[in-house]
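Trainee: Please give me a close look at one part of this model. I would like to begin with a single residue and then see what else is around the chain.

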Amino acid sequence: MSLVANISESERIFINHGVDLNIRSDGRSCTDFRNILLEQGVIETCNGSAHARSGNTDVLVGIKLELEEVADVDTFADAAAAAASDSRGRLQIFADISAIASPAFEGRKGEDITCQLEALFAEFLPDYLDLEKLVIVPQKSYFAMHIDIVILECSSFASLVDVTSIAIKTALYDVKIPHTVVLSVEHNEFQVSEDSFQATSLDASKVPLVTSYTKVASKFIVDPTWEEEQASVGTVSIAFFPPDEIVRIKKLRVGSISSEAFPDLYQLATKFGLELAEKFTAKMSEQNSRLKTNGKITFSLN
């Protein structure tokens with residue numbers, strides 16, 4: 001991702017020396033995350049939604065449930081797809097980046113970013129969601145869950161991945177699955193209740209949070225600025241599940257990272273990932289204990 005011209009060599013040296021000394025240009029240490037503002041239930045027309053902002057990164061996530069029917073089975077491949085739909089609903093992720101985020105994203109120039117986001121979260125999210133709750137009539141009909149990500153502002157790609165992960169999990173906590181009554185299995189007849197008090201929540205507690213670690217000079221840093229990302233040699237995103245389970249590792253952007261750096265990366269990822277997961281879970285529990293379902297959540301990860 002390139003928003004403007006690359007930084008100069010003097011800027012690169014200044015950033016590298018600062019990171020080696022654990023001092024970044026904005027006063028943070030290598031493992032300090034900027035404050036995050038979270039809003040839950042911000043879109044009335046969605047079954048779940050969230051708005052997350054940190055620094056110059058701003059992400060809106062909306063989740064919509066749509067009724068779908070299993071297609072007629074004509075081939076062996078279709079039969080396999082129908083068998084999968086028998087016990088699970090369908091999950092689809094779509095990302096879009098607004099042209100107002102930066103002039104560099106006008107037209108189709110942000111497609112590489114959105115495609116990477118879609119691929120990253122589509123790889124592991126279905127394995128950690130109870131999609132069986134989305135089935136209405138087995139082998140007949142189910143709810144398809146559409147997760148739409150809108151990038152309103154973007155600084156560094158590493159920060160975008162982390163903030164998007166937090167926004168998605170916050171929106172998943174907000175999802176309410178409508179209550180359905182099956183009238184006829186043979187004829188695929190059912191009723192969907194419009195009573196929100198009968199709706200059931202989706203269990204998002206097992207969804208891993210994704211944290212990214214950017215290699216600058218001799219250290220890994222979290223939540224990099226755009227300038228720090230330009231001075232880096234690469235970024236690794238890790239899907240982490242407490243207390244110490246790493247479920248997915250993916251390298252982002254160009255550049256090479258030596259295998260000798262991975263022990264330090266693992267130590268940092270488990271420590272920072274656990275801290276992030278614990279603080280996020282505490283804030284979600286606090287939010288769910290309130291009488292109202294929607295509201296702002298503000299907390300620091302420092």
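In which element is the place of Ser184?

Mentor: Ser184 has its place in strand E8. Before we go on, this is a predicted model, where local features need pLDDT of at least 70, side-chain atom pairs count only at pLDDT 80 or more, and totals for chains, interfaces and linings use all residues. Residues are numbered from 1 along each chain as its sequence is written, and side-chain values use heavy atoms, with hydrogens and water left out.

Back to Ser184. Its relative accessibility is 16%, so Ser184 counts as buried (buried is under 20% relative accessible area, exposed is over 50%, and partly exposed is in between, with a 1.4 Å probe and protein chains only). Now look along the chain to Val137. Ser184 and Val137 are 47 residues apart along the chain, and their C-alpha atoms are separated by 8.8 Å.

Next, follow the chain out of E8. Strand E8 covers 180-184, strand E9 covers 189-192, and Asn188 is found in the loop between them (strands are DSSP runs of E, at least two residues; helices are runs of H or I, at least four residues; both are numbered from the N terminus). Asn188 is not a glycine, yet its phi is positive, near 55°. Asn188 counts as buried because its relative accessibility is 16%.

Ala217 also has a positive phi, of about 55°, although it is not a glycine. Ala217 lies in the loop between strand E11 (209-216) and E12. Its relative accessible area is 26%, so Ala217 is partly exposed.

Strand E12 (219-221) leads to another loop, which runs to helix H5 (226-230) and holds Thr225. Thr225 counts as buried because its relative accessibility is 13%. Set aside its neighbours within four places in sequence, and Thr225 is in contact with Arg24, Asp26, Arg28, Arg34 and Ser156 (contact means heavy atoms within 4.5 Å).

Now turn to a helix pair. Helix H3 (residues 111-124) packs with helix H4 (residues 157-174) at an angle of about 45°, and their axes are 11 Å apart (axes are lines fitted to C-alpha atoms, for helices over the stretch in contact, and angles run from 0 to 180 degrees between N-to-C directions). H3 and H4 are therefore oblique to each other (under 35 degrees is roughly parallel, over 145 roughly antiparallel, 65 to 115 roughly perpendicular, and the rest oblique). Their crossing is right-handed (the near helix is turned clockwise from the far one by less than a right angle; anticlockwise would be left-handed). From H3, the contact uses Ile113, Gln116, Leu117, Leu120 and Phe121. From H4, it uses Phe157, Leu160, Val161, Thr164, Ser165 and Ile168. By class, this contact of H3 with H4 has 8 nonpolar, 3 polar and no charged residues (Ala, Val, Leu, Ile, Met, Phe, Trp, Tyr, Cys and Pro count as nonpolar, Asp, Glu, Lys and Arg as charged, and the others, Gly among them, as polar).

Helix H6 (residues 262-288) holds Gln267. Gln267 is exposed because its relative accessible area is 56%. The C-alpha atoms of Gln267 and Asp244 are separated by 9.8 Å, with their positions 23 residues apart along the chain.

What about cysteines? Cys46 is partly exposed, at 23% relative accessible area. Cys115 also counts as partly exposed, at 45% relative accessibility. The count of disulfides is 0 (a disulfide is a pair of cysteine sulfur atoms within 2.5 Å).

Finally, step back. The protein chain has 6 helices and 15 strands. Of its 302 residues, 47% count as buried. Take the contacts between residues at least 6 apart in sequence: 70% of them join residues at least 24 apart.
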